[in-house]
Amino acid sequence: MPARRWVRRSGDDQAAAAPSENLGDSTASEADTSKTLLPTGAAAADSATSSVLSRMSLCSACKARELLPGFVHLPGLLPLPAQQALLDMACHVALGRQGDSASGGWYRREAGKAPALNDGTKARFWDTSSIFPAEFRALGEAVAQRADKEFPGNLGEHAACFEARVGALNFYTGRGKMNWHCDDYNFAKKDRPIVMASLGDTAEFGYKMHASEPDRSVKLESGDVIVFGGRARDLIHAMLRVYEGTAPQQLVVPAQPGKGRISVTWRDAGPEDGLTFNSDERLGLVVTSNTLPRYLPGRSPKGKGKGKYRGYG
């Protein structure tokens, strides 16, 4: 196996009290952040989470770097209050869509069995951004514009036109991984970037422009964001490893799903691209004509993984 080339951040990239630029009218502080799970119900999610997201700020001192043409890493872009707000939102949305006895979101629920993550050692979720608090979409678009501002040459108009129409939430346990792949155009438009924030435990994110190239990887810590588009839209990538116990101590993680790593991804796609289903349907939590064969009742999804390189769901 080719040796991996690590991208490491210098210590001064992790300043805890760096200045920030506001997305809303005021600056978020740690006191603004709820330390408990959001109450059940869409209205509660909107009222509790939106108030935090609207005051969310991005770190203006973040030293962005372009790892490949069109692939931008923004270390520490999300301060702790922003991380907590996104984590609370992700857990609320992905845990609270179904009743305790029904499969949905991150969990499969079967009679007589304990709830299980919907994809083995990880859980996947995606749906239209309309089910998220309104500020969620604005945050994803602001991050895309920030990456475009830093590196306009390779993202350019692709990021400027980005609309965060789909939200994806993945949870990884300490053993969770995602195989090498590049994202299909029905999950993100060919001429739009993909924006992803990392929360919780540090992850090793693998990437390369072409399958024949040596593997590269970068460590994504809680609060880091990556954006890839333009020449890097078809970036081949993988979630190679989760480093357990590396989340910020101040980050409050609910008992369910528990400690691990969460990725929050914003995508620009819709029915015109062929994305006419959400994760509940695709992963067989609600069986429809869009359910992948390996997730149909009576079949085990274990060991099937993804197709080689192209795909997402």
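**Notebook: strands, a helix and some rings**

I started with one strand pair: β11 and β14 are joined by four bridges and run antiparallel. In that pair I found V195 standing opposite V227 of β14. Note to self: this is a predicted model.

**Entry: the whole chain**

I stepped back to look at the chain. I counted five helices and 17 strands. Of the 313 residues, 55% are buried. The chain exposes about 13400 Å², and 49% of that comes from carbon and sulfur atoms. I also looked up contacts between residues at least 6 apart in sequence: 79% of them join residues at least 24 apart.

**Entry: the sheet**

Where do β11 and β14 sit in the strand order of the open sheet? I read the order as β4-β5-β14-β11-β16-β9-β8, so to speak a row of seven strands with antiparallel pairing. At the edges are β4 (65–68) and β8 (122–128), each of which pairs on one side only. From one strand to the next the twist averages 20 degrees.

Next I checked the neighbours one by one. β5 and β14 pair antiparallel over four bridges, and L74 has V225 in β14 as its bridge partner. On to β11 (residues 194–200) and β16 (residues 261–267): six bridges join them, again antiparallel. There I saw A197 opposite V264 in β16.

Then I looked for what packs on the sheet, and found helix α3 (residues 134–150). Helix α3 touches β5 (71–74), β9 (166–172), β11, β14 (225–228) and β16. The direction of α3 makes about 80 degrees with that of β16.

Is β14 covered or bare on its faces? Both faces are covered: V225 and V227 are buried on one side, I226 and F228 on the other.

**Entry: cysteines**

How many disulfides does a search of the whole structure find? I got zero. A reminder for myself: a disulfide is a covalent bond between the sulfur atoms of two cysteines.

Why does C62 have no such bond? The closest cysteine sulfur is in C59, and at 6.0 Å from the sulfur of C62 that is too far for a bond; the cut-off is 2.5 Å. I also looked up how covered the cysteines are. C62 counts as buried, because its relative accessibility is 7%, and the cut-off for buried is under 20%. C182 is buried too, with a relative accessible area of 7%.

**Entry: aromatic rings**

I ended up with eight aromatic pairs. One of them is F71 with F205, a tilted pair with 6.2 Å centre to centre and 45 degrees between the planes. This pair links distant parts of the chain: F71 is in strand β5 and F205 is in strand β12 (residues 202–208), 134 residues apart. F71 counts as buried because its relative accessibility is 0%, and F205 counts as buried at 4%.

Then I picked W126 and F187, which form an edge-to-face pair: 5.2 Å centre to centre, with 85 degrees between the planes. W126 lies in strand β8 and F187 in the loop between β10 (178–182) and β11, so the pair ties together parts that are 61 residues apart in sequence. Both W126 and F187 are buried.

Last lookup: which residues do ring pairs link into a cluster with F71? I wrote down F205, Y207 and F228. I had met F228 before, as one of the buried residues of β14.

Key: Residues are numbered from 1 along each chain as its sequence is written. This is a predicted model: local features need pLDDT of at least 70, side-chain atom pairs count only at pLDDT 80 or more; totals for chains, interfaces and linings use all residues. Side-chain values use heavy atoms; hydrogens and water are left out. Helices (H or I, at least four residues) and strands (E, at least two) are DSSP runs, numbered from the N terminus. Buried means under 20% relative accessible area, exposed over 50%, partly exposed in between (1.4 Å probe, protein chains only). Contact means heavy atoms within 4.5 Å. Accessible areas come from the Shrake-Rupley method with a 1.4 Å probe; for residues, only the protein chains shown count as cover. Two strands pair if DSSP finds at least two bridges between them. Axes are lines fitted to C-alpha atoms, for helices over the stretch in contact, and angles run from 0 to 180 degrees between N-to-C directions. Rings of Phe, Tyr and Trp (its six-membered ring) pair if their centres lie within 6.5 Å; planes under 30 degrees apart count as stacked, over 60 as edge-to-face and the rest as tilted.
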